[in-house]
Amino acid sequence: MKNIFYYGFDWSGNIGNAFIDYTVNYELKKATEGMDVAIYNMSNKPANLKYNFAIRKPFGLFGKASPFDIRTMVKADVVVLGAALFDIYWSKVETGLLKWLEETQTKVIVLGGGGGNRYSKEEVDYVKSIWKKINVVCYVARDAKAYENFSDISDMSYLGIDNAFFLKDCFKPAPLTIENLAIKTFDLTFDRKIEVPEGYTLVSLRHREDDVDSIKFARKNGLKTFSIVKDTDMISDFADDYLHLYGNSKITHSDRVHACVSTLSFGGFARYYDNSDRAYLFERVGLSEIKNKLVKLDQDFISQEKEKQLSVLKSALKIV
């Protein structure tokens, strides 16, 4: 039996991470049908907390830099990672995990991710210097820019799509009484006034539970915290709540990549409001105009891309 470990999660700071976690698990289960495997999930959240409060200055002077990391204590045949791994911040947060992967040469699959926050030469060179030392048996990029910069970290590299485009395949949204639902989700940049067609209900969401459930944030940003609660219709720690809404949304306006991806996956229209390099994942699926207007995904095209990605993943898992 092969032991497959997927490291993901950390929903409180970004519920969109859950959309990736749901779909990666779906892809792994589909790709391993008929194989003798066990799939385990573990969270990257503890490493983030350790970095912020035991390593990062000035807290590193007072925090306990515990060496305990359950992710580095497993008997793994392969470790699977997704989402935006290839940036400097993630690399610093995950120093312990990356060092363990390098020293043990544990086989790694980077699936539907490997994107960065920026694709500057500085960031690319820094990240690549780390990942070239790791045993990446398969790299599935989610955008052409990431593929161009990092495809040489593995002998099996493929220009794929973001994992969250699989949401329609693995999640069934609940039927709602709202017939014409529109959503706005702005918590990375600034709030916008959104006009929706007559007869539509506009719902305001946020992806960061930490913004209202963190004493530290509330003490520093009291008025902002109260404003967020007052102006937001829903903030939850449970991903299904959001997917029931995005799955029913006909129109979504957001500065969150995965608010848009989830709506598009279920067949709705979306517009993206930010200049992050993560937006390259939309160009990969033919939606380069998403920053300028509402766009809709070609479902036939994305179905073909999903089949190709599952085929590549299945091939990779057969050789580990």
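**View A. The outward face of helix α13.** Turned away from the buried side of α13 is a face with the exposed residues D300, E307, K318 and I319. Here, exposed means over 50% relative accessible area, buried under 20%, and partly exposed in between, with a 1.4 Å probe and protein chains only. Helices (H or I, at least four residues) and strands (E, at least two) are DSSP runs, numbered from the N terminus. Before we go further, please note that this is a predicted model, in which local features need pLDDT of at least 70 and side-chain atom pairs count only at pLDDT 80 or more, while totals for chains, interfaces and linings use all residues. Residues are numbered from 1 along each chain as its sequence is written, and side-chain values use heavy atoms, with hydrogens and water left out.

**View B. The buried side of α13 and its N-terminal cap.** On the buried side of this helix you will find I302, E305, K306, Q309, L310, V312, L313, A316 and L317. They sit on the same side of α13 because they cover an arc of only 165° around the axis, where the arc is that of the directions from the helix axis to the C-beta atoms. Helix α13 covers residues 299-319, and its 21 residues should span 30 Å at 1.5 Å a residue; the end C-alpha atoms are 31 Å apart, which agrees. The expected span is 1.5 Å times one less than the number of residues. At the N-terminal end, D298 acts as the cap, with a side-chain oxygen 3.1 Å from the backbone nitrogen of D300. For polar contacts, the pair of N or O atoms must be within 3.5 Å; within protein, one must be able to donate a hydrogen and the other to accept it, and residues adjacent in sequence count only if both atoms are side-chain atoms.

**View C. The six-stranded parallel sheet beneath α13.** Follow the strands in the order β2-β1-β3-β4-β5-β6 and you trace an open sheet with parallel pairing. Its edge strands, β2 (37-43) and β6 (157-159), each pair on one side only, and the twist averages 15° from one strand to the next. Two strands pair if DSSP finds at least two bridges between them. Strand β5 (residues 136-141) runs parallel to β6 and is joined to it by three bridges, with A141 opposite L159 in β6. Helix α13 lies across β1 (2-8), β3 (78-82), β4 (108-113), β5 and β6, at about 175° to β4. Axes are lines fitted to C-alpha atoms, for helices over the stretch in contact, and angles run from 0 to 180 degrees between N-to-C directions.

**View D. The five-stranded mixed sheet and its helices.** This second open sheet has the order β8-β7-β9-β10-β11 and mixed pairing. At its edges stand β8 (201-205) and β11 (295-296), each with a single partner strand, so one side of each has no neighbour in the sheet. Helix α10 (residues 239-246) packs on the sheet, touching β7 (181-185), β8 and β9, and its direction makes about 130° with that of β7. Helix α11 also packs on the sheet, touching β7, β9, β10 and β11, at about 165° to β10. Contact means heavy atoms within 4.5 Å.

**View E. Strand β7 and its partners.** Five of the five residues of β7 are buried: L181, I183 and T185 lie on one side, and A182 and K184 on the other. Five bridges join β7 to the parallel β8, where I183 has V203 as its bridge partner. The pairing of β7 with β9 is parallel too, over five bridges, and T185 stands opposite S254 in β9.

**View F. R256 in its loop.** Look for R256 between β9 (249-254) and α11 (257-265). This arginine counts as buried because its relative accessibility is 7%. Beyond its neighbours within four places in sequence, R256 is in contact with G13, N14, T185, D187, L188, H207, R208 and Y272.

**View G. Two loop residues with positive phi.** Most residues other than glycine have a negative phi. D10, in the loop between β1 and α1, has a phi near 80° and is buried at 17% relative accessible area. Q105, in the loop between α4 (95-104) and β4, has a phi of about 55° and is partly exposed at 37%.
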